[in-house]
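Colleague: I've got a few "how do you know" questions about this one. Can you take me through the reasoning?

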Amino acid sequence: MSTHQRHINDRRAHARPVPIHARPAGAAPRVLTLSVFDAMTDPLSDRPVHVPVLAEEVARLLGGRRSADSVSGLLVDVTLGAGGHSALLLERFPRLRLLGTDQDPEILSVARERLEPFQDRVRIEHARMSELTQVLADLDEQPAALLMDLGASSLQLDRPERGFSFAWDGPLDMRMDPRRSRTAADIVNTWDEGDLADLFFHEGGERGARKVARALVEARRRAPFRRTRGLSEAVAIALGKPIRSGGDGPRRGSIHPATRVFQALRRAVNEEADELESGLAAAREHLAPDGQLLAISFHSGEDGVVKRFLAEGARAGEWVLETRRPVEAGPEEVRRNPRSRSAKLRVARRPLSPSQGDPTV
Ligand SMILES: C[S@@+](CC[C@H](N)C(=O)[O-])C[C@H]1O[C@@H](n2cnc3c(N)ncnc32)[C@H](O)[C@@H]1O
């Protein structure tokens, strides 16, 4: 039994069971008795579903000093994913209602099944953060809280056919929202060398960005890039790193040489920087007075954007900061879920009145 599986089993033994039945269309129902806090298995890849990061901290900061029964109103989870955070919050706060949105309809079908036990308090919609202003303007109430857990879900990263991962071979796609037309292959095969280098450097932090861009432009003259394996091998060669045989899954304990280039491509395909700006602006415009924004980011650039947005807003009287420094995962969570290592949670509240801002920030 793997260490990961052992953790799952240990946690199952202590968790309150809630039936979750997630299955691909047409397949026989597969009922998994798991806790809403727990990892469930992705029926398509058979690997564990995304484990929510900093979930206890989110619940603690959302609840504040109130009793669980007095936490009510509408939570909008704008990156619903597999519904891990939302499931925990709905279970913890029985009077909380949820509008869950995500740009990935495939993931929403997993969330729909996971959140079935709470269905009378849940509504789910397919939407990007850049569409939130419209979605929230159509509501007949202002949200009491808005949660964003940025980046990609394991349900995207671990499905080879979605083309996000250097660790699995698949089409070079990376679109979270299938309504988008531009794929990662389109970028790699058409952007000029300078633009690719800037992208790899600024969005991925790849120090060998120029070398990689030059090598990719050279290689695509012979044949365009179509698969993740071809790209990850070309990046490794350009950086003078050994090619990892396979495309057959992640390895523990080492960073693949193509990690940064893949991250940069994912951010460009999904226009993550612009999306974040839109999501933050929608939160400022639509949260109720005293409404709370909780934002988890995994990328230092993204955390910087959230931090500046909130600090500038606090100076302008638009936000009251509830976390001066970001909340990070403790060693136990990092051990259980290495993805939590880079997570940063920032929380702020809309002022009750315009004079309640925080000019000291
Ligand atoms: C880290 S996962 C969220 C996981 C979720 N909190 C859970 O516990 O299962 C991020 C999710 O945000 C979605 N997402 C990323 N950018 C988005 C955007 N601009 N608009 C809507 N959804 C987005 C992704 O499709 C993905 O499902």
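**Reading the labels**

Modeller: Sure. Around the ligand, the shell splits by class into 7 nonpolar, 9 polar and 5 charged residues. Bear in mind that this is a predicted model.

Colleague: What makes a residue part of the shell around the ligand?

Modeller: Its C-beta atom, placed from the backbone, has to lie within 6 Å of the molecule. Here 21 residues surround the ligand, and Pro 52, Thr 79, Gly 81, Gly 84 and Glu 275 are the closest.

Colleague: Why is Arg 97 called partly exposed?

Modeller: Arg 97 has 19 other C-beta atoms within 10 Å. Buried takes 20 or more and exposed takes 12 or fewer, so Arg 97 falls in between and is partly exposed. Arg 97 is in strand β4, residues 95-102.

Colleague: How do you know which residues Arg 97 is in contact with?

Modeller: The C-beta atoms must lie within 7 Å. Leaving aside neighbours within four places in sequence, Leu 74 and Arg 121 are in contact with Arg 97.

Colleague: What makes a set of residues a nonpolar core?

Modeller: They're buried nonpolar residues joined through C-beta atoms within 7 Å. The largest core has 55 residues, and Leu 293 is one of those touching the most other members. A second, separate core has 30 residues, including Trp 168 and Val 261.

Colleague: Where does pLDDT stay under 50?

Modeller: Over residues 1-39, although the model has 55 contacts there beyond four places in sequence. Where pLDDT is low, the predicted coordinates should not be read in detail. The protein averages a pLDDT of 86, with 81% of the residues scoring at least 70.

Conventions: Residues numbered from 1 in each chain as written. Predicted model: local features only at pLDDT ≥ 70, side-chain atom pairs only at ≥ 80, totals over all residues. Nonpolar A, V, L, I, M, F, W, Y, C, P; charged D, E, K, R; others polar. Helix = DSSP H or I, 4+ residues; strand = E, 2+ residues; numbered from the N terminus. Contact = placed C-beta atoms within 7 Å. pLDDT = per-residue confidence, 0-100.
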